Amino acid sequence: MRDLELGVPSSPEAEQALLGCILLDNSVLDSVIPRLSPAAFYQRKNGIIYEGMVQLNADKTPIDCISIRDVLDVDLDKLGGVAYLAQCQTETPSALNWESYCKLIEDKHRLRTVLHHTYSVQQIIESGCSDDEALEGIEKTLTELALKNTSGDFVSMKSALQKTMRTMEQAHEGGGPAGVQTGFVKLDSLTTGLRKGSMIVLAARPSMGKTTLAINIATNVAESGTPVGVFSLEMTDEELAHRIVCSKSLVNGRSVMAGELTKSEWGRVITAYGSTRDLPIFYETKGGITAGELRSKARQMKVKHDVGLIVVDYLGLMRGNGNSLYEQVTESSKAIKQIAMELDIPVLILSQLNREADNDGSLRLSMLRDSGSVEQDADMVWMLNRPDSSSNIMELMVMKNRQGPTATVKLEFAAENYRFQNPRLEPTYGMDE
């Protein structure tokens, strides 16, 4: 009770009433679960009872005083017993007011979260760390607040299983890959999509089309309705938009800038402009960005635009604090993996292969340029290869795949249109188990 006397935001009455609503009408819980976790309840006993209700709901068991007593067992006696549950039910006039109770609990929980993060900011300021470290710590704290990341440091097995079951159900019901889909059928089938928290490295020698492929993927993802953040360290936002329009309109990129398009081609450009201008793609084109700056900008994109994929072009142009390029790339690689996990979204990072790839017909993970820990940090590594310079067929070699097999996927490449596409003839590829 001391916390209540000190004015900690809470509403035990709303918590009790919401439990009563669920007892009166079990179907209410289906609407409440996406909005409230047990941690949102200030009174511990109410949170425990709510968690028991959630478990019964998952087991498709009717929720009443008896079933709650069975699932909580001896714990219920410590929380007031069946008598407390009966009180929740009898003192709640109707289940129709569940939403107002739920909102009040949400609001109080949000205010408590703000107080907690305010105290964390104060501790950072008073810790005596450097200004840069303080700003980094404060920004991270405020980002966590904006993302409502209030679930705590520890995740129970039950919670982890519930999340993975939701992912599995989405894949099962949707009949497709569970992760963010790139739009390239064979690649999505092989990788099951780009998973949340994963770091994907796309590597190739210069002028092989890795930027084009990355922008094609970003466009496909955005067209599916998922916002995308693009960090380009060597191209302007206008250049990137130019590539997207050329790719969608199937016109020659050089001819556009030379003013050599036919009336029909110009019509396709106008149509492509109309279909892409509202795509949820957000650019940051500052060159020589540091790992800390990238982390800061990525957090802002997540908070402001709820991006579901981030593309970084490319790793070798990021600035680091190491004494050597190897150390700088290692620092940047680790930072990118941390960003993916912190924001719970996939990050696609472009990288170059070293010159050994020019002299050797077979590509290897060791060819990642100034690799540092890139190979270790990455969840997937893709390498672009053109086995026949006279052909428009490119090989996208999945060299590392923590979620499944490795293989080579074939794609058609129209360099003049800045466009990769699924081959018109079904390719064959073999998987390495």
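Which residue forms a salt bridge with Arg110, and how many Å apart are the closest N and O atoms? The legends below take up this question after an overview of the model, which is a predicted one.

**Figure 1. Overview of the protein chain in the predicted model.** The protein chain has 433 residues, and buried residues make up 45% of them. Its secondary structure consists of 19 helices and 10 strands. When contacts between residues at least 6 apart in sequence are considered, 67% of them join residues that are at least 24 apart. The accessible surface of the chain comes to about 22,500 Å², and carbon and sulfur atoms account for 50% of that surface.

**Figure 2. A salt bridge between Arg110 and Asp107 within helix H8.** Arg110 forms this salt bridge with Asp107, and the closest N and O atoms of the pair are 3.1 Å apart. Both residues belong to helix H8, which covers residues 98–125, and they are three residues apart, which is about one turn of the helix. Arg110 counts as partly exposed because its relative accessibility is 39%, and Asp107 also counts as partly exposed, with a relative accessibility of 24%. As general background, side chains of opposite charge can pair when their charged atoms come close. The structure as a whole holds 14 salt bridges, and a network of salt bridges links Arg35, Glu99 and Glu106.

**Figure 3. A salt bridge that joins helix H16 to helix H17.** The side chains of Arg299 and Glu342 meet in a salt bridge, with a distance of 2.8 Å from N to O. Arg299 lies in helix H16 (residues 291–305) and Glu342 lies in helix H17 (residues 325–343), so the pair ties together parts of the chain that are 43 residues apart in sequence. Is Arg299 buried or exposed? With a relative accessibility of 2%, Arg299 counts as buried, because the cut-off for this class is under 20%. Its partner Glu342, in contrast, is partly exposed, with a relative accessible area of 25%.

**Figure 4. A salt bridge between Glu260 and Arg254.** The closest N and O atoms of Glu260 and Arg254 are 2.5 Å apart in this salt bridge. Glu260 is partly exposed, having a relative accessible area of 45%, whereas Arg254 counts as exposed at 53% relative accessibility, because exposed means over 50%.

**Figure 5. The surroundings of Met397 in strand S7.** Met397 is found in strand S7, which covers residues 393–401, and with a relative accessible area of 14% this residue is buried. Which residues does Met397 touch, if those up to four places away in sequence are not counted? Met397 touches Leu363, Val381, Trp382, Met383, Asn385, Ala407 and Thr408. Met397 and Leu187 are 210 residues apart in sequence, while their C-alpha atoms are 9.7 Å apart in space.

**Figure 6. A patch of negative charge on the surface.** Four residues, Glu234, Asp237, Glu238 and Glu239, gather to make up this surface patch of negative charge. One of them, Glu238, is found in helix H13, which covers residues 237–249. Glu238 has a relative accessible area of 63%, so this residue counts as exposed.

Conventions. Residues are numbered from 1 along each chain as its sequence is written. This is a predicted model: local features need pLDDT of at least 70, side-chain atom pairs count only at pLDDT 80 or more; totals for chains, interfaces and linings use all residues. Side-chain values use heavy atoms; hydrogens and water are left out. Patches are made of residues with over 30% relative accessible area and no salt bridge: like charges are joined within 9 Å, nonpolar side chains (Val, Leu, Ile, Met, Phe, Trp, Tyr) within 5 Å. Accessible areas come from the Shrake-Rupley method with a 1.4 Å probe; for residues, only the protein chains shown count as cover. Lys and Arg count as positive and Asp and Glu as negative; His and the chain ends are not counted. The place of a charge is taken as NZ of Lys, CZ of Arg, CG of Asp or CD of Glu. Helices (H or I, at least four residues) and strands (E, at least two) are DSSP runs, numbered from the N terminus. Buried means under 20% relative accessible area, exposed over 50%, partly exposed in between (1.4 Å probe, protein chains only). Contact means heavy atoms within 4.5 Å.
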